[in-house]
Number of protein chains: 2
Amino acid sequence: MDLTPAREAELLAADAIGDVIEHWGFRKALGRTWTVLYLAGEALPAQVLTERLSVSTGAMSMTLTELQRWGVVRKVWRPGERRDFFEAETDFWKMISKVVQERERFLAGSVRERLERARALLRQSGSTAEVRAKVERLGRLLSFAAMAESVIGGFLSSQRADFREFGDLL
Amino acid sequence: MDLTPAREAELLAADAIGDVIEHWGFRKALGRTWTVLYLAGEALPAQVLTERLSVSTGAMSMTLTELQRWGVVRKVWRPGERRDFFEAETDFWKMISKVVQERERFLAGSVRERLERARALLRQSGSTAEVRAKVERLGRLLSFAAMAESVIGGFLSSQRADFREFGDLL
DNA sequence: CAGAGCCTTCAAAAGTTTTTGAAACTTCAT
DNA sequence: ATGAAGTTTCAAAAACTTTTGAAGGCTCTG
């Protein structure tokens, strides 16, 4: 398979964004696929994507489903076309906030819940100075988790994250 | 292996923080180990950690080396003790900024470099309307990467991240 | 309503990351 | 110097994740 410089450039960019996306805990394939769609500037059928990125139809189907689940790619209907076309969301802020909302929030909540459970358990286990000190440290971790949740909430509504409000914790 | 409630609580908390840390792209083991040290409130020898977390000495050695590389755990010398003791960094802000500094900055830079390379390649590939539109979209991606680098820099110096300055991009 | 085209699913294969455990190494005490 | 205790290294194993490709399903067209 031999590439034109334009396709090579596309793959280079797609792979760079793939790394960013992987770094945020998603599969590389998601970032690569979104990037090809974004650079195309128009909706493309799945087949073109499988060719340009050299992946199987199965993998592309899963990747597109997941991208839609995250709201960063849309399926568009083209009159007279049998197959589905896909286009990239181009609003960066929309993408960031969607992901942060669904994912970071869930994580923060689940972590808080578990830390709280741990603290309750620990409290029941006794009340020596040693245990009390541990409960206190767990409390700091919990405050930190609560802060994270609150910063995320504020970030989503104001596009601004301010850690200084919690200076005593940090 | 049967656990006291206090140990159980410790593992529950350690595992929750392990998930957070994994979410940030490190191994779970790093978060779990840091947490046990943090909750202990004092320096512990590697052996105790291998017992409490049930991992091999080899894995613990690597984990502790990495935690030290990230500056979130310190080796402390105890007079009269042959073995090394390890203690957790407890300053959350120090930890966050160290990680952001070393890691996010590197990623942002490397991504920018690759996107720039892609843009140069694309430019050389012709100058049709289609190519020019693609170069323009790649430019937006690049501006976004530049913004990310700048927000990270600002965040590190002021503990505050403001996305609104770049409202036109977002 | 049969066939073509497209999409999805999923079990197995490939690839990647993490952990183990044993050997080599270092350090200290005698 | 020797041996005991502790630590590091690293190849192999285990665990986990991602991709493939073939089978089955759906939907449009003639």
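1. How many bridges join strand β2 (residues 73–76) of chain B to β3(B)? There are 4, and the two strands run antiparallel. This is a predicted model, and every point below should be read with that in mind. In the β2–β3 pairing of chain B, B:Val73 stands opposite B:Ala88.

2. β3(B) has a second partner to consider. Strand β1 (residues 44–45) of chain B pairs with β3(B) over 2 bridges, in the antiparallel sense. Here B:Pro45 stands opposite B:Phe85.

3. Side chains next. In a regular strand they alternate between the two faces of the sheet. Strand β3 (residues 85–88) of chain B shows this alternation. B:Phe86 and B:Ala88 point to one face and are buried. B:Phe85 and B:Glu87 point to the other face and are not buried.

4. The sheet in chain A is open and has 3 strands, in the order β1-β3-β2, with antiparallel pairing. β1 (44–45) and β2 (73–76) of chain A each have a single partner strand, so one side of each is left without a neighbour in the sheet. β1(A) and β3 (residues 85–88) of chain A share 2 bridges. Within that pairing, A:Leu44 has A:Phe86 as its bridge partner.

5. A further pairing crosses between the chains. Strand β4 (residues 160–162) of chain A is joined to β4(B) by 3 bridges, and the two run antiparallel. A:Arg160 has B:Asp162 as its bridge partner.

6. Now the symmetry. A turn of 180° with a shift of 0.0 Å along the axis lays chain B on chain A, at an RMSD of 0.1 Å. The two copies are therefore related as by a two-fold rotation axis. In chain B, the C-alpha of B:Ala161 is nearest the axis, 2.5 Å from it. B:Ala161 falls within the residue range of β4 (160–162) of chain B.

7. The contact between the chains takes 42 residues from chain B and 42 residues from chain A. On the chain B side, α1, α2, α5 (92–124), α6 (129–158) and β4 (160–162) each supply at least two residues. α5(B) gives the most, with 11 residues. By class, this side of chain B has 26 nonpolar, 7 polar and 9 charged residues. Of the interface residues of chain B, 100% are also interface residues in chain A, so the copies meet through the same surface.

8. Helix α6 (residues 129–158) of chain A has 30 residues. Its first and last C-alpha lie 43 Å apart, close to the 44 Å expected at 1.5 Å a residue. A:Lys134, A:Leu138, A:Leu141 and A:Ala145 are buried in this helix. An α-helix has 3.6 residues a turn, so residues three or four places apart point the same way. The cover over the buried residues of α6(A) includes α5 (92–124) of chain A, along with α1 (5–23) and α2 (28–40) of chain B. After α6(A) comes A:Gln159, with a positive phi near 60°.

9. DNA strand C has 21 residues around it. A:Gly58, A:Arg83, B:Val55, B:Gly58 and B:Ala59 come nearest. The elements giving two or more residues to this surface are α3 (46–53) and α4 (57–69) of chain A, together with α2 and α4 (57–69) of chain B. α4(A) gives the most, with 6 residues. By class, the surface has 7 nonpolar, 8 polar and 6 charged residues.

10. DNA strand D also has 21 residues around it. Here A:Gly58, A:Ala59, B:Gly58, B:Arg83 and B:Asp84 come nearest. α2 (28–40) and α4 of chain A, with α3 (46–53) and α4 of chain B, each supply at least two residues. The largest share, 6 residues, comes from α4(B). The classes are 7 nonpolar, 8 polar and 6 charged residues.

11. Two backbone angles deserve a look. A:Ser54 has a phi near 50°, a positive value in a residue other than glycine. A:Ser54 sits in the loop between α3 and α4 of chain A. This residue is exposed, with 8 other C-beta atoms within 10 Å. In chain B, phi of B:Ser54 is likewise positive, near 50°. B:Ser54 lies in the loop between α3 and α4 of chain B. B:Ser54 counts as exposed because it has 8 C-beta neighbours inside 10 Å, and the cut-off for exposed is 12 or fewer.

How values were computed: Residues numbered from 1 in each chain as written. Chains lettered and ligands numbered in written order. Predicted model: local features only at pLDDT ≥ 70, side-chain atom pairs only at ≥ 80, totals over all residues. Expected span 1.5 Å × (residues − 1). Buried ≥ 20, exposed ≤ 12 C-beta atoms within 10 Å, placed from the backbone. Contact = placed C-beta atoms within 7 Å. Near = placed C-beta within 6 Å. Nonpolar A, V, L, I, M, F, W, Y, C, P; charged D, E, K, R; others polar. Pairing = 2+ DSSP bridges. Least-squares fit on C-alpha atoms with pLDDT ≥ 70 in both.
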